[in-house]
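Colleague: Got a minute to walk me through this model? I'd like to start with the pockets.
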Amino acid sequence: MKRRTSSTNKEMICDYKTKCVIKIVKQIMFISLLVILVMGCSVKKEDNNYQHYSISKPEVDAYKLFLTEKLENPQKNRETGFKVALIRLDEDDVYEMALLSKNDAEYPLTLYGYQGGQVVELNVDEVSFTDGPGRTFAYLEGQNCFYYSRLRIEGDDSLYTKDIFSMENGQPYLEHTISYLWPSYETQDPDTASYYFDSEEITREEYKELNNKKYNLNLDLDRNLSHPEGFYEIRADYLTEVDSTQDLEKALSKDYFYFYSSAYHKNEGQPHPWGT
């Protein structure tokens, strides 16, 4: 009887220890899950703090102050609801800024630079940039080459123009112009078209070599879905509107390549709906 009682006591003790271990394990699992949830919330909160990702450069701080003043004086500046992108037009390590201000279905685009500690507008005589159907602004990242293309219908004629720009002494200048003129927009017969490089008439083959290869938005892309190369087209629909200082922090937290490559990846590297 004593042996059976001893055996029973041992079983009861083992059962008690097992329950204790299970209880301790459950407590550890609960605490671990609670820690994970708390850390997860902390990370999410930190992700919403765009200052964590902000680009620490003098020109970015200057652009931020420049645009903050516009936000604080909407009556004077009429610049609420704008979009903005940090871009690198030339070879130096200083960002330029593209400001897109909504005007109905289009976004007039103004370029700004940082020179002598000041934000300055980068003007091009007799050229106004716009993002919209039939109009494209695109640039080669940090390679001092960008272009603006547009299609105009004038009566029965259609005129396509692609202006190629470079930067010199901190200001853009017109380097070359590629264009063609169709006498009839309806027929669009290439045999009736005239092609030009600057002011000189060229052949259709010479035009295609320049427009479709050297300065083409889509054909310069290498189809690498994670890293687009070639000309980057500035598009308003790739950016979010800036209506507050928080929006501004987000817009200037990364350069335009981040926003462009994200949209490019979603588009699976396919040619853009407009802009060639």
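Modeller: Happy to. A pocket here is an open set of grid points where a 1.4 Å probe fits, with protein on both sides within 12 Å along at least five of seven lines. Keep in mind that this is a predicted model.

Colleague: Fair enough. How much space lies in the second largest pocket?
Modeller: About 160 Å³.

Colleague: And which element gives the most to its lining?
Modeller: That is β3, with four residues. Among the lining residues are Pro108, Leu109, Glu121, Asn123 and Phe129. By class, the lining has seven nonpolar, three polar and one charged residues.

Colleague: Switching to the core: which residues touch the most other members of the largest nonpolar one?
Modeller: Ile87, Leu111, Phe129, Ile234 and Tyr256, out of 27 residues in that core. Elements giving two or more residues to this core include β1, β3, β8 and α6. The largest share, four residues, comes from α6.

Colleague: What is isoleucine 87 in contact with, leaving aside its neighbours within four places in sequence?
Modeller: Its partners are Tyr95, Glu96, Met97, Ala98, Leu111, Tyr139, Ile234 and Tyr256.

Colleague: Now the helix α2. How far apart are its end C-alpha atoms?
Modeller: They are 21 Å apart, which agrees with the span expected for 15 residues at 1.5 Å a residue.

Colleague: Lysine 70 is in that helix. Is lysine 70 buried or exposed?
Modeller: Lysine 70 counts as buried because its relative accessibility is 10%, and the cut-off for buried is under 20%. Other buried residues in α2 include Val60, Tyr63 and Leu67.

Colleague: How far is lysine 70 from phenylalanine 82 in space?
Modeller: 10.0 Å, C-alpha to C-alpha, with the two 12 residues apart in sequence.

How values were computed
Residues numbered from 1 in each chain as written. Predicted model: local features only at pLDDT ≥ 70, side-chain atom pairs only at ≥ 80, totals over all residues. Heavy atoms only, no water. Expected span 1.5 Å × (residues − 1). Buried < 20%, exposed > 50% of the residue type's maximum accessible area, 1.4 Å probe, protein only. Core = buried A, V, L, I, M, F, W, Y, C linked by side-chain atoms within 4.5 Å. Contact = heavy atoms within 4.5 Å. 1 Å grid on protein atoms, 1.4 Å probe; cavity = no way out; pocket = protein on both sides within 12 Å on 5 of 7 lines; lining within 4 Å. Points joined across faces, edges and corners; volume = space filled by probe spheres on them. Nonpolar A, V, L, I, M, F, W, Y, C, P; charged D, E, K, R; others polar.
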